[in-house]
Amino acid sequence: MCSARCDRRSVRTVAALVVAGTVLLALAACGGGGSSSNGPTTTGVKGATKTVAVKSGGSLTFALDEDLAGFNVLNASENEFVLQEVLDPVWPSVFITPPNLKPTPDKNVVSSVKLTKKNPQTIVYKINPKAKWSDGVPISADDFVYNWQAQSGNPKYKDKGGKPFEPATTSGYNQIKSVTGSNGGKTVTVVFSKPFGDWKALFSPLIPAHVSKQVGFNEGWASFNSAAKVSGGPFMIQSYKQGSDLIEVPNPHYWGPKPKLSKLVYRFILDDSQQPPAVQNGEVNIVNPALPGLDFYNATKSIGGFQVSVQPGLEFQHIDFNETNPYLAKPAIRHAIAWGTNRDEIAKRSAGEIDHSLTALNNRIYMPTQPEYKDMSGNFSKFNPSLAKKTLQKSGMTMGSDGYFHPNFGPEKGKPFTLSISTTAGVPVRSQIEQLFQSEMKDIGVKINIQNYTADKLFGTIGPKGEFDLIEFAWVSTPFASGNQSIYCSFQNTTVCGSNWDHYADPKVDSLFNKALTTINPTQAATLYNKVDGLLWKDMATLPLFQQPQLFGWSTKFGNIFPNTSSTGIPWNATQWGVKKS
Amino acid sequence: MTAFVLRRAAAGIVILFVASFLTYVLVAESGDPLATLKANPHTTQATIDAARARLGLDHSLLERYWLWLSHFVQGDFGQSTQGRKVEPQLWQRLGVTMKMVLPATIIAAVIAIALGILGAVRQYKPDDHVSTTLAYIFYATPVFVLGILLKDFVAIKINNAAGHTALYTVGDSTPGFTGSFGARMLDDVQHAVLPVLTLVLVSYAAWSRYQRASLLDVLNSDYVRFARAKGVPRRRVLIKHALRNALIPVTTVIALDFATIIGGAVITEIVYGWEGMGQFLLGGLTGPLTPDVNTVQAWLVITAAIVVLFNLLADITYAALDPRIRYG
C-alpha cells in the first residue's frame, strides 16, 4: 500500500503494499528481454503487448509529480507511491504484481515459495542462492526476520536507539508467530499464529536488514546516503538531487537479467501541466499524472511518437455517510441517497471525460479489472429517483413547498433536509462530482451544502473526528482484499477500527471479514469478500461511484513499456525497457 | 553612516524575531503534519504516537517555538518533518533561485532603464507607444501563460528548427550531466534561458514604467529647464543632472523586488520545474507531513534577512546617487 499515492492524489489507501519486483518470472526463465517470442506476455490489460527487441544502452526519463519523502517505503512517513516506483527495480520483492494483477513470485529473489502447511499456516521460502545485496551481503533469512519484526507492531521489537518501529502497515506481519532461517540462511520458514489469506502480500519489498539495523528503520532512510545506494535489484540509485531528479544505473552485482538501459532518470515535475511540453521537447519519455484531466490527455495525445493509454486504476471514488448523523444513521435514508445518485452520469461527466467507457462501480472490494470482481450492488445499480423520494417519505419526511423534504423527527424537524458534503479543495474531478451530486440530490428533495478543505485538514481533522455528513474521496487498493477490513470493521473507538470514520457497524460484516481473512484458498476467500461487499451494499455503508482512470503515456521509441495499474506502478518491468531496435 | 547601518540592522533583527514568532504560530496551527498517517487505515496508533513524539508535537506551541529559537541562534535550522537537515536544502535552494533571479534582475534593470529613458525622452513618439504597449502586455500577462507561450512557441520551435535540444523547458540542469566546466555552464544557460526570459519580461515591464515616469518628472523640473536655458547640452543635462535623480525611485523598486522575487518566484519555479526558494516554501506548506514549520521558518529567516539587507542597500545607494542625502 502506499499512502503517498494517497497524499498526492488526496486519497486514502486500502490494502497492504505489494511492491513490484523487477522482472517477470518468465523473463528470468528465458534469460533476458529480446524478441517477441521469448519475453513475457502481459495479458488481460489494455495496451499491453508482447515484448519487442531493444538495444542495450540509452537513457529514459520518467516524470514523477511528487518528490520523495525518504528512501524507506516501508516507513509510515515515507510510504509514497512515487518512492514505490523508484524502488521497484532496486529493492527485491518475493512477489511482484504484473499488469494482469496476479501476484507472481520473482524467481530472481526466491527459487520457490510454498505453502507447506495450512494449520498452522506455514510458508517456506527458498531464496535464490545467487541473491545478494550490492554491497556483497547475501540476501538471507536475516532480511526476512528483520522485515517481519519491523512491521509486526510488536513493541518488544525496537528500532535503533530503542525506539518503536514506525511501519506503514502491520497487516499480515502482526499474524506471524515466527520466522526462522535454515540451510545457511537461504531457506526461510514463516509460521503464522492465525491464517492470513493474503500472505503473498508479505516481504514485498525487502529492506536490507544489515543496512537498516545500522542506520535505523525510522530515521536512517530520510536523506540520500550510502544506505539508499544499496540495491538488491537490477538497478541501483546513483544520485538524488532533491526536488530535481533521481538517477538509477544498472547494479553491476545483480545476478539476474541485466537491464537494457544504461540510465533511468526520474525527474520530479510537480506541476502535471508542465509535463506535456517537456514530453514534446524530448525531455521526458514517460508520464503517469496523479489525477489526469482532459487538458492533459489532449495535450499528450497530440504529440507525435508518444503513446497514451487510459486504463481503469485500482482506485475508486466514493461517498461516505457519517452514521453519527441521526438521519444518516437510518439505512433507509442512505438507500434513498444511493437511488437518487445517478452514478453513471457522475462517472461520465467527471473522470469519464478521458475514459468514455467509464460507468458506475458496483463493488468496493474488487475493481472490474480484477478477475474476482462481481456486481454485488443488487437493486442499487440503477438510478431510481422516484424510489428515492418514496423512501424518504416512508422514512418520516414530508415534501415542503420549497422543493425539499422536511424531517418529521430529529434535530432538524420541520426544516429542509440538509446535508453537507466535503472533499479536498481544488481538485477538479472532485468538484465536478460534488456539483453533480448536489444537483441530483436537489431533484429528490435533499439540500446539499458543499464544504471543502485542504487535504491535511480533511484527512487530519474532519475525517478522523467525524466532522462531516458526507465525505468524498478515493481509496487506492492493491490486489489484496484483506486491507479493506480496517475500513469497514465495526467502529468501537479511535484505536479499534478508528479508520472507520463513518462509525458504520455490522457484526455480520465483521464475522464474514474474519472468515475471509483466515481463508487461505484464494477462490474461497474471494467469494467471502464478495459476500462482504453484498452486505455493505445492503447496509449502504458507503456509496462507490466509479473506478478512477489512470493515464499512462510513453515515447514510442522505447519498447516494452506496459502500464501497470497496481500500486507497483509502471516501472514494474524496468529491466526490459530499452530503445527499440530499428 | 555606520551608526545608520547599525540602527537599521538592529531594527531588522527585531522585525525578524517578531516575524519568526508570528509565522511559527500561524504555520504550526494551520494543519496537522500527521494527517497523512492518520488517513492511512493501516497506520497503527502506536506508529502515529511515535511520529508525534519524534516530531516534538507532544510539546506545547510555545515550547516548540522556544526550542526552534534556541537552536536557530546557534545556527541550527533543525530538521524537516521528513527527518532531513533543513540547512543544506536551504542553501541548495537559494543557489538555484539565484541562478535564475540574479541574471534576470540585471538584464531586466538594464532594459527597464534604457526603455524608460527612451520613453521619457521620446514621449508620445511612435517608439514610446510601442514600448508602452509591450510593457503593458508583459505586465498584464500571468507568468504561467508567459511560460507556456515561451515553451510552445519559442523553445520547441527553436529546438525543432535546430534539430537538437538547444533550450530546455524543465529543471535547472540536465540530470547527471558530466562534462567540462564550459559544457556544464552551457547546459546551465540552456536551462536558464526560458525562466530568466520570463522574469525579465515581467520585471522590466513594471520597472520601465517607473523609470519613464520618474525621468519625465525630473525633465520637467525647474532645475533641468534652468540648465537647458543656460545652454548646457541636452545629453549632458539628461545624463549628468536628470538621470541620477530619476534613478532613485526605480532603485528602491528594483532592490525590493529583487528581495521579494528570491523568496516568491513560486510560479516561475513551478512552470519550469526549478526547485528554488519558492518551491521550498510551497513544499513546507503543502508536501507530505506538512505544515513543516522548520522548513517554513528557514525560508522566512533567509527571505526576511534579504529584504532587510536590500532595503539597507537601497538606502545606501540613494546617498551615492544623490549627494544631498546624508545619513547620520
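**Why we call it that: questions about a two-chain model**

Colleague: I'm starting at Pro120(A), in the loop between strand S5 (110–118) and strand S6 (121–127) of chain A. What kind of peptide bond joins Asn119(A) and Pro120(A)?

Modeller: Keep in mind that this is a predicted model. In it, the bond between Asn119(A) and Pro120(A) is cis, with omega at about -5°. Chain B has a cis bond as well, joining Thr290(B) and Pro291(B), and omega there is about 5°. Pro291(B) sits in the loop between helix H12 (277–286) and helix H13 (293–321) of chain B.

Colleague: Next, Phe203(A), in the loop between S8 and helix H5 (209–215) of chain A. Why is Phe203(A) called buried?

Modeller: Just count neighbours. Phe203(A) has 27 other C-beta atoms within 10 Å. Buried takes 20 or more, so Phe203(A) passes. Its phi is near 60°, a positive value in a residue other than glycine.

Colleague: And Asn183(A), in the loop between strand S7 (176–182) and strand S8 (187–192) of chain A: is it buried or exposed?

Modeller: Exposed, because it has 12 other C-beta atoms within 10 Å and the cut-off for exposed is 12 or fewer. Asn183(A) also has a positive phi, near 55°.

Colleague: What makes His406(A), in strand S15 (residues 405–407) of chain A, partly exposed?

Modeller: Its count is 17 C-beta neighbours inside 10 Å. That falls between 12 or fewer for exposed and 20 or more for buried, so the middle label applies. Leaving out residues up to four places away in sequence, His406(A) touches several others, including Met397(A), Gly414(A) and Phe417(A). Gly396(A) is ten residues away from His406(A) in sequence, and their C-alpha atoms are 8.6 Å apart.

Colleague: Let's do helices. Why are helix H8 (residues 331–339) and helix H10 (residues 385–394) of chain A called roughly antiparallel?

Modeller: Their axes come within 8 Å and cross at roughly 160°. Angles over 145 degrees count as roughly antiparallel, so H8(A) and H10(A) get that name. The crossing is left-handed.

Colleague: Which residues of H8(A) meet H10(A)?

Modeller: Ala332(A), Ile333(A), His335(A), Ala336(A) and Trp339(A) do, and among their partners in H10(A) are Leu387(A), Ala388(A) and Leu392(A). By class, the residues of this contact are eight nonpolar, two polar and one charged.

Colleague: How do you know that H8(A) is largely enclosed by the rest of the structure?

Modeller: Seven of its nine residues are buried, so the description fits. Arg334(A), Ile337(A) and Ala338(A) are among those buried residues. Their cover includes strand S13 (306–321), H10 and strand S19 (542–555) of chain A.

Colleague: How many residues does each chain bring to the contact between A and B?

Modeller: Chain B brings 43 and chain A brings 56. On the chain B side, the elements that give two or more residues are helix H2 (35–39), helix H3 (45–54), helix H5 (86–121), helix H7 (143–162) and helix H11 (266–272). That side has 17 nonpolar, 20 polar and six charged residues.

Colleague: Last one: what is the average pLDDT of chain A?

Modeller: It averages 89, and 91% of the residues score at least 70. Residues 1–48 of chain A, though, have a pLDDT below 50. Where pLDDT is low, the predicted coordinates shouldn't be read in detail.

Note on methods: Residues numbered from 1 in each chain as written. Chains lettered and ligands numbered in written order. Predicted model: local features only at pLDDT ≥ 70, side-chain atom pairs only at ≥ 80, totals over all residues. Axes fitted to C-alpha atoms, helices over the stretch in contact; angles between N-to-C directions. Helix = DSSP H or I, 4+ residues; strand = E, 2+ residues; numbered from the N terminus. Parallel < 35°, antiparallel > 145°, perpendicular 65-115°, else oblique. Left-handed = near helix turned anticlockwise from the far one by under 90°. Contact = placed C-beta atoms within 7 Å. Nonpolar A, V, L, I, M, F, W, Y, C, P; charged D, E, K, R; others polar. pLDDT = per-residue confidence, 0-100.
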